[in-house]
Amino acid sequence: MKQIIIITGAGKGIGKSIALDFAKAAVNNNDFEPLLILASRTLSDLESVATECRSYGTETDIIQTDIADITEVDRLVTTTMEHYGTIDCLVNNAGVGRFKALGEMTEEDFDYTMATNLKGTFFLTQKVFVVMEKQRSGHIFFITSIAAETAFKSSSLYSMSKFGQKGLVETIRLYAKTCNVKITNVMPGAVYTPMWGEVPDTVKNVMMMPEDISVPIVQAYLTTQRTSIEELVIRPVCGDISE
Ligand SMILES: NC(=O)c1ccc[n+]([C@@H]2O[C@H](COP(=O)([O-])OP(=O)(O)OC[C@H]3O[C@@H](n4cnc5c(N)ncnc54)[C@H](OP(=O)(O)O)[C@@H]3O)[C@@H](O)[C@H]2O)c1
């Protein structure tokens, strides 16, 4: 049976790598038939990732979505349910960060960060969880960050939003345990993705790559039905990179 998997922020970085690794995991595995639904704001990114996923033989759909807009979040869930009738996995990966000193953060930075990382993640999770609760099955991943429990000077708003996501993870787990739904909190350290912009080679050389995060996620999804991998903390060998 097809596994319906929604991945937000699937157009770039870690989300793109998660989509590709789900597709690759289905090659030569008769027990795993994913149907990927890729969601983010930039259609051209989604189209190019979808083409790559399909090249591995994985059925892939695109739903252009800004998760900061609740109407679009609604549309993502209702369209998925109308077309496929189930949601087996949600990867809450879409996220934004603006990194600067505390005193330079503006109200616009605040609203922008919280609208995606907190409001969007909350309402998408809420709507998908209703479906999974009824099904009595499903798996929700949250790509939070080590910034969900460690402070960095340039990450005040980002950290606030990630600490908040961790609060949601711990709350939803209380509900999920009673209805056979798995919750995995993925907490990566520094990963080389477009989120970082330009980085000097000396830094890039010690950062993780998106596949360092996406491969364990796919493994956690494919673990036995009786097991829930609740947390993945994944750091560069050298530890945290930031200030
Ligand atoms: N890179 C790291 O070092 C690192 C470390 C720990 C945790 N994380 C977390 O991992 C996740 C992915 O980060 P990344 O590094 O891969 O970032 P990225 O390269 O900037 O990619 C972020 C993805 O999210 C999408 N996105 C952003 N806002 C969105 C919105 N409102 N609605 C829908 N999609 C949205 C972006 O596409 P559009 O702009 O086209 O919408 C893009 O596809 C984030 O939650 C981030 O906080 C990253």
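This note goes through the sheet, one helix packed on it, and the ligand shell of a predicted model.

1. Sheet order. The model, which is predicted, contains an open sheet of 7 strands. The strands follow the order 3-2-1-4-5-6-7, and their pairing is parallel.

2. Edges and twist. Strand 3 (59–62) and strand 7 (231–234) are the edge strands, each pairing on one side only. On average, and with direction ignored, neighbouring strands of this sheet are turned by 15° against each other.

3. Strands 1 and 4. Strand 1 (residues 2–8) and strand 4 (residues 89–92) run parallel and are joined by 3 bridges. For I7, the bridge partner in strand 4 is V91. As background, strands of a sheet pair through backbone hydrogen bonds, in either a parallel or an antiparallel arrangement.

4. Helix 5 on the sheet. Helix 5 (residues 156–176) lies across two strands, strand 5 (138–143) and strand 6 (181–188). Against strand 6, helix 5 runs at about 160°.

5. Ligand shell, membership. The ligand is surrounded by 30 residues. The closest of these are G9, G13, R41, T42 and G95.

6. Ligand shell, helices. Helix 1 (13–26) and helix 4 (107–135) each contribute at least two residues to the shell around the ligand. Helix 1 gives the most, with 3 residues.

7. Ligand shell, residue classes. Sorted by class, the shell around the ligand comprises 15 polar, 11 nonpolar and 4 charged residues.

Methods:
Residues numbered from 1 in each chain as written. Predicted model: local features only at pLDDT ≥ 70, side-chain atom pairs only at ≥ 80, totals over all residues. Near = placed C-beta within 6 Å. Helix = DSSP H or I, 4+ residues; strand = E, 2+ residues; numbered from the N terminus. Nonpolar A, V, L, I, M, F, W, Y, C, P; charged D, E, K, R; others polar. Pairing = 2+ DSSP bridges. Axes fitted to C-alpha atoms, helices over the stretch in contact; angles between N-to-C directions. Contact = placed C-beta atoms within 7 Å.
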